Amino acid sequence: MCDLNQARILVTRPAHQSEHLCTIIAKKNGIPIPFPTLEIFPILLDVKDVERQLNQADGVIFTSANAATLYCSQLDDAKIARLRTTSCMAIGQATARALITMGVSVDLMPEQGYNSEALLALLVNQKRMPKHIVIVRGENGRETLFETLTAYGVTVEYQHVYRRVIPAIDCSDVVQLITQKQLNIITATSGDAIQNLVTMLPFAQHDMLKQLPLVVISERIKDIAKSLGFQWISIAQSPSDDAILKAVTTIIHGK
């Protein structure tokens, strides 16, 4: 993979999820600028509610790696054992890895797409649709899964395991990089991340910010960025860090 030529690349992932991307950027002679625009706050689960859901559901959908980790880490051995007897579905590879790390196998995961629509397509094409599904996710997530599954007659419940907040961090270094035209590329892996970035930075920097190349991981996030006024948006081939790095490299070298 080509040298990144000391390009300064803003990494907006939550702090606990940015290390690997920052490391591979640095290995390719780029300068990662960690700037988390999301912070994940765990929500304490109601033990009785979780037990009831696991006893009733024949499917559990995990919408993110955070959802998988924060849910499973609050289950005792008996509930983990019950979860293992239920069809567990992951929105993408990172979510599947998190489940496997927690000792839970994955029964269904999109091979590409890595979003609600891709998972729904797999579910619809199955011979047997689950009758009762629990969606494990963060607060205020997308409603696509709920609306579509309900339309198919599935009983759907949510289990919220975290909330997303804007971090209270010093933005002055990033403001200075933008003002001095020393920031080269932005990466964002969620709509909230890019929306919060705009919120966190002073209005005076918005025009310069939105002229910078932006790498996102889906058409949906591209649409959000476009609605915010970003002008140069590239989509990585998948949500993986390697795919994001490849998209960054393509911007720098044009191939």
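The exercises below walk through a predicted model of one protein, each followed by a worked solution.

Residues are numbered from 1 along each chain as its sequence is written, and side-chain values use heavy atoms, with hydrogens and water left out. Local features need pLDDT of at least 70 and side-chain atom pairs count only at pLDDT 80 or more, while totals for chains, interfaces and linings use all residues.

**Exercise 1. Describe the overall make-up of the protein.**

Step 1. Take the secondary structure: there are 12 helices and 10 strands. Helices (H or I, at least four residues) and strands (E, at least two) are DSSP runs, numbered from the N terminus.

Step 2. Compare the radius of gyration, 19 Å, with the 18 Å that the globule rule gives for 255 residues; the two are close, so the protein is as compact as a globular protein of that length. The radius is taken over C-alpha atoms, and the rule is 2.2 Å times the number of residues to the power 0.38.

Step 3. Turn to burial: 50% of the 255 residues count as buried. Buried means under 20% relative accessible area, exposed over 50%, and partly exposed in between, with a 1.4 Å probe and protein chains only.

**Exercise 2. Work out the order of the strands in the open sheet and find its edges.**

Step 1. The sheet has 5 strands, in the order S3-S7-S6-S4-S5, with mixed pairing. Two strands pair if DSSP finds at least two bridges between them.

Step 2. Strands S3 (39–42) and S5 (87–90) each have a single partner strand, so they stand at the edges and one side of each is left without a neighbour in the sheet.

Step 3. From one strand to the next, the twist averages 25°. Axes are lines fitted to C-alpha atoms, for helices over the stretch in contact, and angles run from 0 to 180 degrees between N-to-C directions.

Step 4. S4 (residues 59–62) and S5 pair in the parallel sense over 4 bridges. Val60 stands opposite Cys88 in S5.

**Exercise 3. Place helix H3 relative to this sheet.**

Step 1. H3 packs on the sheet and touches S3, S4, S6 (132–138) and S7 (155–165). Contact means heavy atoms within 4.5 Å.

Step 2. The direction of H3 makes about 100° with that of S7.

Step 3. H3 (residues 65–72) is mostly covered, with 7 of its 8 residues buried. Among them are Ala65, Leu70, Tyr71 and Cys72.

**Exercise 4. Explain why Cys88 is in no disulfide.**

Step 1. A disulfide is a pair of cysteine sulfur atoms within 2.5 Å.

Step 2. The closest cysteine sulfur to that of Cys88 belongs to Cys72 and is 7.4 Å away, which is too far for a bond. The structure as a whole holds 0 disulfides.

Step 3. Cys171 is in no disulfide either, as the nearest cysteine sulfur, that of Cys22, is 16 Å away.

Step 4. Both cysteines are buried: Cys88 has a relative accessible area of 1%, and Cys171 has 14%.

**Exercise 5. Examine the backbone angle phi at Asn5 and Asn29.**

Step 1. Most residues other than glycine have a negative phi.

Step 2. Asn5 has a positive phi of about 55°. Asn5 sits in the segment before strand S1 (8–11) and is partly exposed, at 47% relative accessibility.

Step 3. Asn29 has a positive phi of about 65°. Asn29 lies in the loop between helix H1 (19–27) and strand S2 (31–34) and is partly exposed, at 28% relative accessibility.
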